[in-house]
Amino acid sequence: MLKIGRRGMMAGALAMRGAASANASVFKPNWSSIVAGWETPEWFRDAKFGIWAHWGPQCQPEAGDWYGRLMYVPGSDAYKHHLANYGHPADTGFMEIIGKWKAEAWDPAALLRRYKQVGAKYFMAMAGHHDNFDLYDSKYHAWNSTRVGPKRDIVAGWEKATRAEGLPFGVSNHVSHAWHWYQTAYGYDPEGARSGQRYDAFKLRREQGHGKWWDGLDPQELYTGPSFVAPDGIASNASMEAWHQVHDGRWLEHAASRNPAFIQKWLLRQNDLVDKYRPDMVYFDDTQIPFGTVGLEAISHYYNRAVEWHGSPNVVLTSKLLTDYMQRGLMNDVERGFSPVMRAQPWQTCTCIGDWHYNRGRYDHKYYVPAQKVVQRLCDIVSKNGNLLLSVPLRGDGTLDSEEEKILDGIAAWLRVNGDAAIFGSRPWRIFGEGPTDLPGGKMEEDKASDFTEQDVRYTVNKGALYAVLMLWPKSTLRIASLGLRALSGAKIVKAEIVGGGKLSWKQLDDALVLTLPPAKPGQMVPVVRLRGEGLVGQA
């Protein structure tokens, strides 16, 4: 009899699968079944840190996020970039960018060796973005990377390289929003010499591709067909942008009433992705779940397949802004956000050192997120029962730039010293930490966070020790109130040492633990102090 989940036994259901029907399902497409049968896998709780390749044809222009939508918004930076480098979107649309994307320098095996060396314990590959282009050998969608663009199965390349390094493999699916996100491609310039001329999506059809690189493909299948077409007569760029924001710029999770075929095909594509590549993790770029009951069908399918592969649903599926109840059946992801509190359920933050899609300006002007901030972010998240999934943008050709390499080197150096002690396999302590820094708690609010100070401390427990992570290297004596005798109800610290070595002066007083560290050496950051003592370690 096999137990599945922390809240009950599904062994009978599993046993009946073999006895009654080879096709019987353990998980049904409803919340009660999903919540009853799933729990966070220990591999995910132990991993703490993953790297994500949020990479596809929108990286080819090297002009930042949402290029496939914003290049059709007149007056936007992406529109100006497109006009200067590719031509007018009435003549050269985003499908032509897909045709130019060749991924000629992409070496997934070398990249995965690099990511593992940095310290990543799982890896995620983007399988399809809002541009509605599948980055794998898609059975149900002809606009995919095996037919056009690189003419390679990108997800299969990532999967093979990830498995070779012994890491769990994940895929992210952002396609559910394509039906409204892409509607700008049906618009037009309201101003200027070409005002009123509709963009490529409005006019292109399958028969027009004869003899061209997209011969046999239907542009309407890529652009999803018209659902929100800007009406004639809009007279200014500002008015056009406002129209899009009201109609197709909203983050819509409901069914596309004018395009039911898109929803049906989304489910087929999602299930095909799961069946082909057997991911250990699936990321939905959605608020709660896409398309209501259709999303539940996708989740139950994935969990049932995991039971077939592993004997239990030993996989993770993430989505966003989940209720407490939903978080018992899925993993909550906080996109580009913090948590101001320790969370009862394991969770994940996904963020990026730059734009989600590669932006050459980040390299030219040197404004990536530095290694120290990534490490601080990781420590804060882990102390609050979470994981960090970090996107490191790849250029269109599939390579990292030299500034990104430096950041990865900095993260790797810190994790080599501190990862096995304070991060990997750790669990939260009684409290997450202390300090004055105010952190916002919402999605897409990381820019509102204050910088960490020398007074900010975060805690983890691992292998019988308590770890105090000092978020900024202290230049003077540091007093940690939560580790004083009174705060610890008399528990005494008997040993304190800097992980990785170094002279540490310390004293536990009634009101604080007093630490004096040596000055930081070049490249050192975020010191970690290992603490031992009777009654000291007790998890939240």
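Here is a walk through this structure, from the whole chain down to single residues.

First, some ground rules: this is a predicted model, where local features need pLDDT of at least 70 and side-chain atom pairs count only at pLDDT 80 or more, while totals for chains, interfaces and linings use all residues. Residues are numbered from 1 along each chain as its sequence is written, and side-chain values use heavy atoms, with hydrogens and water left out.

Let's start with the big picture. The chain has 17 helices and 16 strands; both are DSSP runs numbered from the N terminus, with helices being H or I runs of at least four residues and strands being E runs of at least two. Its radius of gyration is 25 Å, close to the 24 Å that the globule rule gives for 540 residues, so the chain is as compact as a globular protein of that length. (That radius is taken over C-alpha atoms, and the rule is 2.2 Å times the number of residues to the power 0.38.) Along its principal axes, the C-alpha trace spans about 80 × 65 × 40 Å.

How much of the chain is tucked away? Buried residues make up 60% of the 540. Here "buried" means under 20% relative accessible area, "exposed" means over 50%, and "partly exposed" is in between, using a 1.4 Å probe and protein chains only. The accessible surface of the chain comes to about 20,700 Å², and 51% of that belongs to carbon and sulfur atoms; these areas come from the Shrake-Rupley method with a 1.4 Å probe, and for residues only the protein chains shown count as cover.

Now for who touches whom. A contact means heavy atoms within 4.5 Å. Among contacts with a separation of 6 or more, 73% are between residues 24 or more positions apart.

In soluble globular proteins, nonpolar side chains tend to be buried together. In this chain, the largest nonpolar core has 146 residues, and those with the most contacts inside it are F49, W55, W158, Y223 and Y303. (A nonpolar core is a set of buried Ala, Val, Leu, Ile, Met, Phe, Trp, Tyr and Cys residues joined through side-chain atoms within 4.5 Å.) There is also a second, separate core of 23 residues, which includes L478, A491, I493 and L513.

Let's visit a few members of these cores. W55 sits in the loop between β1 (49-53) and α4 (67-70), and at 1% relative accessibility it counts as buried. Leaving out residues up to four places away in sequence, W55 touches a long list of partners, including W101, W106, M126, W158 and D397. Another partner is I154; W55 and I154 are 99 residues apart along the chain, with their C-alpha atoms separated by 9.7 Å. With the same kind of neighbours left aside, Y223 is in contact with residues including Y72, F94, Y182 and D200.

Over in the second core, I493 lies in the loop between β12 (478-480) and β13 (495-498) and is buried at 6% relative accessibility. Beyond its neighbours within four places, its contacts include L483, W506, L513 and L536.

Helices have hidden residues too. H82, in helix α5 (residues 77-85), is buried with a relative accessible area of 0%. Among the residues H82 touches, not counting those up to four places away, are Y67, M71, P89 and I97. S300 belongs to helix α14 (residues 293-310) and is buried at 5%. Outside its neighbours within four places, S300 is in contact with F27, K28 and P29.

For a strand, try G386 in β8 (residues 386-391), which is buried at 0%. G386 and F49 are 337 residues apart in sequence, yet 9.3 Å apart in space, C-alpha to C-alpha.

Finally, look at two backbone oddities. Most residues other than glycine have a negative phi. K463 has a positive phi near 55 degrees, and V526 has a positive phi near 45 degrees. Buried or exposed: which is K463? K463 is exposed, with a relative accessible area of 65%, in the loop between β10 (457-462) and β11 (465-470). V526, in the loop between β15 (513-516) and β16 (528-532), is buried at 0%.
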